[in-house]
Amino acid sequence: MLVVNEVFTSLQGEGLLIGQPTTFIRFGGCNLRCVWCDTKYAVDPVAYGKLGEPFTVDLFMDRYKDLCSKTTAICFTGGDPMVQPRNEFLDLITRLNAMGKVTTLETAATLYDEDICKELAWVTLSPKLPSAEVGSMNYDVINDYLATCTDKLQFKFVVQHDEDEQELMKFTEGYYDILKKRNIPIVIQAVDGDMDILKKLASLGTNTNLNVRFLPRLHSLLNMR
Ligand code: SF4
């Protein structure tokens, strides 16, 4: 069964699709526990007691098809959607695609499935930097996404302190050729909107020729969810 925490329409608040009217399907559950996670209610059922309801795909479509009809873009978020049962998640994506939806995924890039990737229109990989305190990035999984999602992928990094800056620099150096050759967007956001760390990182955009974007979180600015 899929575990669904909440379904709602809003504006995409993050990344290159910022501002786009979107239906968000927030799944319950995550394999990480980032210290600054802002959706802990979708991650930790014991602490928050609202992990979500179990749904078959049929039940989900019965309940939420009309809501999903209101926007072209659908964003699977969480938690991390990739902890959901693979076949049911794939079935849901396929059915929404058949409705003409543009299905997108937000994931921390620690779990991967080739068929799911192929079905999606857009993938946001958000590997965690040291400030999240969940260990190092999973480069094998990142490589898998890069191999499958050749032209429909962005990276999103949340930065908080100097260690994040150093790790991000290491990442962009290690992947420089592929990031440059494919012009892969790298979106950088600050935890709690801390502008100082963004200013320190500006050279990553101005000195490297990479497709870097420093973006705010629109939904926070507009006080929307
Ligand atoms: S991966 Fe995302 S949802 Fe999971 S704990 Fe980290 S910030 Fe929260």
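Modeller: Let's start with the yardstick: a residue is exposed if 12 or fewer other C-beta atoms lie within 10 Å of its own, buried if there are 20 or more, and partly exposed in between. One thing to keep in mind is that this is a predicted model.

Colleague: Okay, why does Glu133 count as exposed?

Modeller: Glu133 has 12 C-beta neighbours inside 10 Å. The limit is 12 or fewer, so Glu133 counts as exposed. You'll find Glu133 in the loop between strand E6 (122–125) and helix H5 (139–148). Its phi is near 60°, a positive value in a residue other than glycine.

Colleague: And what makes Asn209 exposed?

Modeller: Asn209 has 11 other C-beta atoms within 10 Å, so it is exposed. Asn209 sits in the loop between H8 and strand E9 (212–214), and its phi, near 70°, is again a positive value in a residue other than glycine.

Colleague: Why is Tyr41 called partly exposed?

Modeller: Count its neighbours: Tyr41 has 19 other C-beta atoms within 10 Å. Being buried takes 20 or more, and exposed means 12 or fewer, so Tyr41 is partly exposed. Tyr41 belongs to the loop between E2 and helix H1 (45–48). From its C-alpha to that of Gly52, 11 residues along the chain, is 9.3 Å.

Colleague: Is Leu221 buried or exposed, and how do you know?

Modeller: Leu221 has 10 C-beta neighbours inside 10 Å, so it counts as exposed. Leu221 is part of helix H9 (residues 218–221). Its C-alpha atom is separated by 30 Å from that of Glu53, with their positions 168 residues apart along the chain.

Colleague: Let's zoom out. How do you know how compact the chain is?

Modeller: The chain has 9 helices and 9 strands. Its radius of gyration is 17 Å, close to the 17 Å that the globule rule gives for 225 residues, so the chain is as compact as a globular protein of that length. Its C-alpha atoms fill a box of roughly 50 × 35 × 30 Å along the principal axes, and buried residues make up 32% of the 225 residues.

Colleague: What share of the contacts with a separation of 6 or more comes from residues 24 or more positions apart?

Modeller: Those pairs account for 73% of such contacts.

Colleague: On to the helices. How do you know that the buried residues of H3 line one face?

Modeller: The buried residues of H3 are Phe89, Leu92, Ile93 and Leu96. Looking down the axis, they fall within an arc of 95°, so they line one face of the helix. The face turned away from that buried side carries the exposed residues Asn87 and Ala98. What covers the buried residues of H3 includes E1, H2, E4, strand E5 (102–107) and helix H4 (114–119). Just after H3, Gly100 takes a positive phi of about 90°.

Colleague: What puts the buried residues of H2 on the same side?

Modeller: For H2, the buried ones are Val57, Phe60 and Cys68. They cover an arc of only 50° around the axis, which puts them on the same side of H2. Asp58, Asp62 and Asp66 are exposed on the face turned away from the buried side.

Colleague: How far apart are the end C-alpha atoms of H2?

Modeller: They are only 13 Å apart, short of the 16 Å that a straight helix would reach with 12 residues. In H8, also a helix of 12 residues, the first and last C-alpha atoms are 17 Å apart, close to the expected 16 Å.

Colleague: Why do you say that H8 lies largely in the open?

Modeller: The number of buried residues in H8 is 0 out of 12, so this helix lies largely in the open.

Colleague: Last one: which classes of residue make up the shell around the ligand?

Modeller: The shell has 6 nonpolar, 3 polar and 2 charged residues. Among those surrounding the ligand are Cys30, Cys34, Cys37, Arg33 and Asp80. Gly78 and Gly79 are also in the list, and the peptide bond from Gly78 to Gly79 is cis, with omega near 10°. Gly79 lies in the loop between E4 and H3.

Key. Residues numbered from 1 in each chain as written. Predicted model: local features only at pLDDT ≥ 70, side-chain atom pairs only at ≥ 80, totals over all residues. Near = placed C-beta within 6 Å. Nonpolar A, V, L, I, M, F, W, Y, C, P; charged D, E, K, R; others polar. Helix = DSSP H or I, 4+ residues; strand = E, 2+ residues; numbered from the N terminus. Rg over C-alpha atoms; globule rule 2.2 N^0.38 Å. Contact = placed C-beta atoms within 7 Å. Expected span 1.5 Å × (residues − 1). Arc of directions from axis to C-beta.
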